Amino acid sequence: MVNFQNIRPWIYYVKYLLICFFILSFQLLPMRIVHQEVLWPNLMYLVTVGWLIRKPSYLPVILILFAHIISDIVLLKPLGLWSAISLIGYEFLRWRSLSQGRLKLGQELVLVTSVLILLTFLQIGVELIFKIESPPIEMILLQLTFTLLIYPVVIFMLHSILRVRYFERSETVVRGGSMENI
Amino acid sequence: MNERKSKDEYGRTIRLIFIASLVCFSLFSFILWKIDSPRAERVRMVALDILMPNFEWVLGPLRGLSSISEGIGSYGTLVEENRELRLQLQKMRDWREAAIRLEEENSQLLDLNNVRVNPSLQYITGLVLSDSGSSFRRSLLLNIGAFDGINDGWAVVDSSGLVGRIFGVGKKLSRVVLLIDSSSRIPVKIEPSGKKALLVGDNSLRPPIEIVENIEMIRSGDRVLTSGDGKVFPSDVLVGHVIRDADQRLRVKLVANYGRLKFLKVIKTHTVDPSDILGEVIINTVTD
C-alpha cells in the first residue's frame, strides 16, 4: 500500500517527460520547411498547463524547467528566455488550482488564453528590450490563435490517454500534507 | 493545528524562494546567451551533440513513416511526372549536344589564354537530422561536424543549388542556417548583367534581393549566383532565378528543393585569414 502511494507520482513524472520528448521529436522532424503557413502550436505549454490545472501536485517545477531548457536548446531558441517567462505563468496556475480547485471548461479556456497572451507579450517585450530579432507580429498572433484552438484536443488527450484528470477529494486529503516538498 | 499552519507557511516561503531562484537561473542563462552569443551557441552545440542521439530512436521511425507516406503520395502523380520527364529529356538531349560543343570550345579558348581555373571544389555530404522545429528560425542540423572537418561559414548546397551556410559546429553535427532565415545575408551577383546584390532572408520561400543601383538592368529569369564577396563563400554557386512579386519587388526563386532536403553537400572552402594576406603583402613589399 505504502509503496503504491510512493510510486504513483513517479509514474506521472515519467509520463510528463515522455510526452515532452515526443512533442520535441515531432517538431524536429525535417519535413515542414515548405509548409510554412502551418505553424506549430506551443504544445509544451498546453500540456504543462493542462496538467497543472488537473494535477497540480504531480508535476514538480524542476521537471518543467528541465523539459523547457531542453526544448530551448534543441529548438535553437534564445536560451532560457521562454523557460523563465513561462515558469512564472505555470506557478501562478499551480497556485490558483491548488487554492481554488476545479474549473469549468469555459473558465479554464479563458484562464489559459489570458495567461498565454500575457506571457507572449512579456516575451516580446523582453525581446524588444534586448534587441533580439523577434518574428513578425502576425506570425506570433497566428501561432497564438492556433495554440488556443488546439487546447481542447490537448485536454482530451490528457484526460483520456494520459489519464491526467482532476484530483479527487480523497487524494487531496492523502497528499495534502506533503505538498511543500515538491 | 496552529503549529501545522505555521509549518505550511514556512514551506510556502521556501517554495517561493526556490521558484524565484529557478526563474533567476533561466534568466541568467538567457543573459549569458545574450552577452556572449558565440560561446553560448558553442555550449548549445555541445549539448546537442549529447542530446541528439537520444532523439534518434523516435526520429528514425518517424522519418521512415514520412518517407513512406511521401512515396505513396508520389504514385498518384506518377503518370503525369513521367510525361513531363520525357518532355524534359527531349529538350535536355538538345542542350547536351550544345553543352558539349561549348565545353570543347571553352576549354580550347581557356587553353589559348593560359587561364588558371579555380582549384576544384570539394564536398562533404551529410544527412539532414532535423530542422529547427520553429517557423521563426530556419535552420537544420546535419550529421557531420568537426570530426569531418566542417568549419563555420561554409556553403551548403543540395543537388541543384545553394541551401544555406554552416553556423555552429559540434563534434558530430553542425547547424545550417537556411537562406530563407531572417538572419541570413548572402552577397550575390546577377547574371548576365553582373550586378552585385544582397540576398536577404525574410522567412518566405522567395527571399528578396537588395540592389543598390541600376535595377532596370535586371530582368525576371536572370540567374542569381554567389559572388564570393567577403571571402567566406565560394563564388559562382547557383542560388536561383530572379522573379518579380506583386509589388514589383525583386525576389529570388531558389533552385534548391526546399521541400525535400535530405542529403546536403558542404563545400570545403579555404578560408583566408586576413592576417595571412597582410603578412604576404609585407613580405612582398620587403622583397620588392
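Me: How many residues does each chain put into the contact?
Reply: Chain B brings 40 residues and chain A brings 35. Here a contact means two C-beta atoms, placed from the backbone, within 7 Å. This is a predicted model, where local features need pLDDT of at least 70 and side-chain atom pairs count only at pLDDT 80 or more, while totals for chains, interfaces and linings use all residues. Residues are numbered from 1 along each chain as its sequence is written, with chains lettered from A and ligands numbered from 1 in the order in which they are written.

Me: Which parts of chain B supply at least two residues of that side?
Reply: α1 (2-35), α2 (37-76), β1 (122-131) and β2 (139-142) of chain B each do. The largest share is from α1(B), with 13 residues. Helices (H or I, at least four residues) and strands (E, at least two) are DSSP runs, numbered from the N terminus.

Me: And what's that side of chain B like by class?
Reply: There are 19 nonpolar, 13 polar and 8 charged residues on the side of chain B touching chain A. Nonpolar means Ala, Val, Leu, Ile, Met, Phe, Trp, Tyr, Cys and Pro; charged means Asp, Glu, Lys and Arg; the others, Gly among them, are polar.

Me: Switching topic, what does β9 of chain B pair with?
Reply: β9(B) pairs antiparallel with β6 (residues 185-191) over 4 bridges, and antiparallel with β10 (residues 238-244) through 3 bridges. Strands pair if DSSP finds at least two bridges between them.

Me: Where does B:Arg223 come in?
Reply: B:Arg223 in β9(B) is the bridge partner of B:Glu191, and B:Arg223 also stands opposite B:His241 in β10(B).

Me: Is B:Arg223 on the covered or uncovered face of β9(B)?
Reply: Uncovered, along with B:Leu225. B:Val224 and B:Thr226 make up the covered face.

Me: How many helices and strands does chain B have?
Reply: Chain B has 4 helices and 12 strands. The domain assignment, which is automatic or from a database, gives domain 1 (8-39) and domain 2 (122-268). Their C-alpha centres lie 38 Å apart.

Me: Now chain A, what's its mean pLDDT?
Reply: The mean is 80, and 83% of chain A's residues reach 70 or more. pLDDT is the predictor's confidence in each residue, from 0 to 100.

Me: Where in chain A does pLDDT stay under 50?
Reply: Over residues 170-182 of chain A, where the model has 9 contacts beyond four places in sequence. Where pLDDT is low, the predicted coordinates shouldn't be read in detail.

Methods:
A residue is buried if 20 or more other C-beta atoms lie within 10 Å of its own, exposed if 12 or fewer, and partly exposed in between; C-beta atoms are placed from the backbone.
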